[in-house]
Amino acid sequence: MADDLYYREDLALVHHQGFGFLAVQCAPAIVELLGPVRARGGLVVELGCGSGILTRALVEAGHRVVATDASPAMLDLARRHAPGAEDVRRLVLPDDPIPTADAVVSVGHVLSYLPDAAAIDRALVAAARALRPGGLLAVDLLDLDYGASRRDAPDFGRVTDGWAIVTRFSLPAPDRFARDITTFVRGDDGSWRRDDERHENVLVATARVPALLAEHGVAATVGESFGAAPVEPPPFPGLRTIVGRSVEAPA
Ligand SMILES: C[S@@+](CC[C@H](N)C(=O)[O-])C[C@H]1O[C@@H](n2cnc3c(N)ncnc32)[C@H](O)[C@@H]1O
């Protein structure tokens, strides 16, 4: 993957300042799920940490965290936002090796950014195999249902003093959700810089994920939130959570 495909400097900043709410919302339930990992001083590996919003919550809860992402701009932000992480490093899914861990976590449909369903499967299997026995997996993924819920989504726009964003949505195929994103970020001299990114997400039948993970020693369930209580209203209908536990030594 090219260094600058997703989340170059400007969109990374806009994400951090304006769109961290999902990570904020998920954090307490993930911290609770990971209680036993913290109690034994286990290592948490975060995939697609973005600007480090969940990373920081985990560190503040007393976890040892290795935070990873493909975007160098996101990693720069994460280093500043979560300085207590054990490491913040580049890891490009699905093929970069995932460090052995007591928990692998990922929020913000990171795996849905991979090029196709086979790549998503490879990343899920790699995450399962990275877990120590008894380790915990908590990730979210866009289901095929997500496309239906966004079929007629109107364009989105938001303006702040420092940046503006305009997003156009489309569904180029039943298993693809695309966003054409234009950002304007104000420079120190008051001028505005434009950047454009196209984000293509792959939608999958999440119901088949537990069987895939079971083949790799992880007993998992699909849900709509990381906690026992559903988040109401769901922030993104069709964004599913996969929570699993490694029940045997990975093969
Ligand atoms: C929607 S953002 C979520 C960021 C963060 N988890 C949060 O919730 O704020 C998706 C993240 O996935 C990362 N990403 C996309 N493709 C990736 C890949 N192939 N490997 C690792 N990270 C990837 C992006 O750089 C971005 O930081």
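## Close-ups of a predicted model

**View 1. His-109 sits in the loop between E4 and H6.** Everything in these views comes from a predicted model. Is His-109 buried or exposed? With 23 other C-beta atoms within 10 Å, His-109 is buried, because 20 or more is enough to earn that label. Its backbone has a quirk too: phi of His-109 is near 45°, a positive value in a residue other than glycine. Most residues other than glycine have a negative phi.

**View 2. Tyr-7 has a positive phi as well, at about 60°, although it is not a glycine.** Look for Tyr-7 in the segment before H1. Tyr-7 counts as buried, because it has 27 C-beta neighbours inside 10 Å.

**View 3. Here's a cis peptide bond, the one that joins Leu-93 and Pro-94.** The omega angle of this bond is about 5°. As for where to look, Pro-94 lies in the loop between strand E3 (87-90) and E4. Most peptide bonds are trans.

**View 4. Helix H2 covers residues 21-33 and has a bend in it.** Start with the length: at 1.5 Å a residue, the 13 residues of H2 should span 18 Å, and the end C-alpha atoms are 19 Å apart, which agrees. Where does H2 bend? The bend, about 40°, is at Ala-27, and a proline, Pro-28, follows within four residues. Now check which parts of H2 are tucked away: Ala-23, Cys-26, Ala-27 and Ile-30 are buried. An α-helix has 3.6 residues a turn, so residues three or four places apart point the same way. Among the elements covering the buried residues of H2 are helix H4 (53-60), strand E4 (101-106) and strand E5 (131-142).

**View 5. Meet the shell around the ligand, made up of 21 residues.** Which of them come nearest? Those are Gly-48, Gly-50, Ser-71, Gly-108 and Tyr-113. By class, the shell has 15 nonpolar residues, five polar and one charged.

**View 6. Asp-69 lies in strand E2 (residues 64-69).** Asp-69 counts as buried, because it has 29 C-beta neighbours inside 10 Å. Find Gly-50 as well: Asp-69 and Gly-50 are 19 residues apart in sequence, but their C-alpha atoms are 6.2 Å apart in space. Leaving out residues up to four places away in sequence, Asp-69 touches Gly-48, Cys-49, Gly-50, Met-74, Leu-75, Ala-78 and Arg-90.

**View 7. Domain 1 meets domain 2 here.** According to the domain assignment, domain 1 takes in 9-143 + 203-246, while domain 2 is 147-202. Their centres, taken over C-alpha atoms, are 23 Å apart. The contact uses 17 residues from domain 1 and 16 from domain 2. On the domain 1 side, helix H1 (9-18) and helix H6 (117-130) each supply at least two residues. Which element gives the most to that side? H1 does, with five residues. Sorted by class, the side of domain 1 that touches domain 2 has 11 nonpolar, four polar and two charged residues.

**View 8. Val-202 belongs to strand E9 (residues 192-202).** Val-202 counts as buried, because it has 22 C-beta neighbours inside 10 Å. Along the sequence, Val-202 and Asp-143 are 59 residues apart, yet C-alpha to C-alpha they are 8.6 Å apart in space. Residues that Val-202 touches, not counting those up to four places away in sequence, include Ser-112, Leu-114, Asp-116, Ala-117 and Ile-120. Asp-175 and Arg-176 touch Val-202 too.

Note on methods. Residues are numbered from 1 along each chain as its sequence is written. This is a predicted model: local features need pLDDT of at least 70, side-chain atom pairs count only at pLDDT 80 or more; totals for chains, interfaces and linings use all residues. Domain bounds come from an automatic or database domain assignment. Two residues are in contact if their C-beta atoms, placed from the backbone, lie within 7 Å. Ala, Val, Leu, Ile, Met, Phe, Trp, Tyr, Cys and Pro count as nonpolar, Asp, Glu, Lys and Arg as charged, and the others, Gly among them, as polar. The expected span of a helix is 1.5 Å times one less than its number of residues. The bend at a residue is the angle between axes fitted to the seven residues ending there and the seven starting there. A residue is buried if 20 or more other C-beta atoms lie within 10 Å of its own, exposed if 12 or fewer, and partly exposed in between; C-beta atoms are placed from the backbone. A residue is near a molecule or strand if its C-beta atom, placed from the backbone, lies within 6 Å of it.
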